[in-house]
Amino acid sequence: MNDLQRLIKNKCATYDDKGNCHLETGANGDRTCVYFREDGGRCSYAEQSVIPNDAKIESLYLAERGVKMSGNFCEACLQPIERKSNRQRFCKKCGELAEKENRRQRDREYKERKRRFKD
């Protein structure tokens, strides 16, 4: 079970304990939720009411479907962020990790340049 299915199972008001969706009624009564079927599909109720409650799952869900997200999200962890400037791309935690990695890369390049100059 993936994160989206877990979210639907735990939070969707139309999902029952048998795996059926009460909005997707078929000829024989209830029908399996679209997120648990082989062929997949989309559910407007889940997209509007359930999925937006988890920003990370929402951003992954929309990215899978090729939808560009409006708003500000961290490029690394996809959590919503409040931008302090137009250039901010990461949340605080991911920004610190990215800065650390960039500093390491600059140091490696600097040491390599010094090594070449020395020889």
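Start by selecting threonine 14 in this predicted model. Leaving aside neighbours within four places in sequence, threonine 14 is in contact with Asn20, Cys21, His22, Leu23 and Tyr45. Threonine 14 sits in the loop between helix H1 (3-11) and strand S1 (20-26). Buried or exposed? Colour threonine 14 by accessibility to find out. The relative accessibility of threonine 14 is 11%, so this residue counts as buried.

Next, go to helix H1. Show the side chains of Leu4, Gln5, Leu7 and Ile8, which are buried in H1. Now turn the view until you look straight down the axis of H1: the buried residues fall within an arc of 160°, so they line one face of the helix. What covers those residues? Show helix H2 (44-50) and H3, which are among the elements that cover the buried residues of H1.

While you're there, slide to the N-terminal end of H1 and pick asparagine 2. Asparagine 2 caps that end, with a side-chain oxygen 3.1 Å from the backbone nitrogen of leucine 4.

Hop over to H3. The residues to select here are Ala55, Ile57, Ser59, Tyr61 and Leu62, which are buried in H3. Those buried residues pack against H1 and H2, so keep both helices on screen. At the start of H3, pick aspartate 54 as well: one of its side-chain oxygens reaches to within 3.2 Å of the backbone nitrogen of lysine 56.

Cysteines next. How many disulfides does a search of the whole structure find? The count is 0. Cysteine 43 is in no disulfide, and the nearest cysteine sulfur to it, in cysteine 21, is 5.3 Å away. Cysteine 43 counts as buried because its relative accessibility is 11%. Then select cysteine 74 and cysteine 77. Why is there no bond from cysteine 74 to its closest cysteine sulfur? The sulfur of cysteine 74 lies 3.6 Å from that of cysteine 77, which is too far for a bond, given that a disulfide needs the two sulfur atoms within 2.5 Å. Cysteine 74 is also buried, with a relative accessible area of 1%.

For a change of scene, jump to asparagine 86, in the loop between helix H3 (55-64) and helix H4 (92-118). Asparagine 86 counts as exposed because its relative accessibility is 76%. Add asparagine 72 to the selection and draw a C-alpha to C-alpha distance: the two are 10.0 Å apart in space and 14 residues apart in sequence.

Last stop: charges. The structure holds 7 salt bridges. Select arginine 115 and glutamate 112 in helix H4, 3 residues apart, about one turn of the helix. Their side chains meet in a salt bridge at 3.1 Å, N to O. Both are partly exposed, arginine 115 with a relative accessible area of 47% and glutamate 112 with 34%.

Keep glutamate 112 selected and add arginine 116, since these two side chains also meet in a salt bridge, 3.7 Å from N to O. Glutamate 112 and arginine 116 are 4 residues apart in helix H4, which means about one helical turn between them. Arginine 116 is exposed, with a relative accessible area of 57%. Another set to highlight is Glu101, Arg104 and Arg108, joined into one network by salt bridges that share partners. Within it, arginine 108 pairs with glutamate 101, the closest N and O atoms being 3.3 Å apart. Arginine 108 counts as partly exposed at 43% relative accessibility, and so does glutamate 101 at 39%.

Terms used:
Residues numbered from 1 in each chain as written. Predicted model: local features only at pLDDT ≥ 70, side-chain atom pairs only at ≥ 80, totals over all residues. Heavy atoms only, no water. Helix = DSSP H or I, 4+ residues; strand = E, 2+ residues; numbered from the N terminus. Buried < 20%, exposed > 50% of the residue type's maximum accessible area, 1.4 Å probe, protein only. Contact = heavy atoms within 4.5 Å. Arc of directions from axis to C-beta. Polar contact = N/O pair within 3.5 Å; in protein donor to acceptor, adjacent residues only side chain to side chain. Salt bridge = Lys/Arg side-chain N within 4 Å of Asp/Glu carboxyl O.
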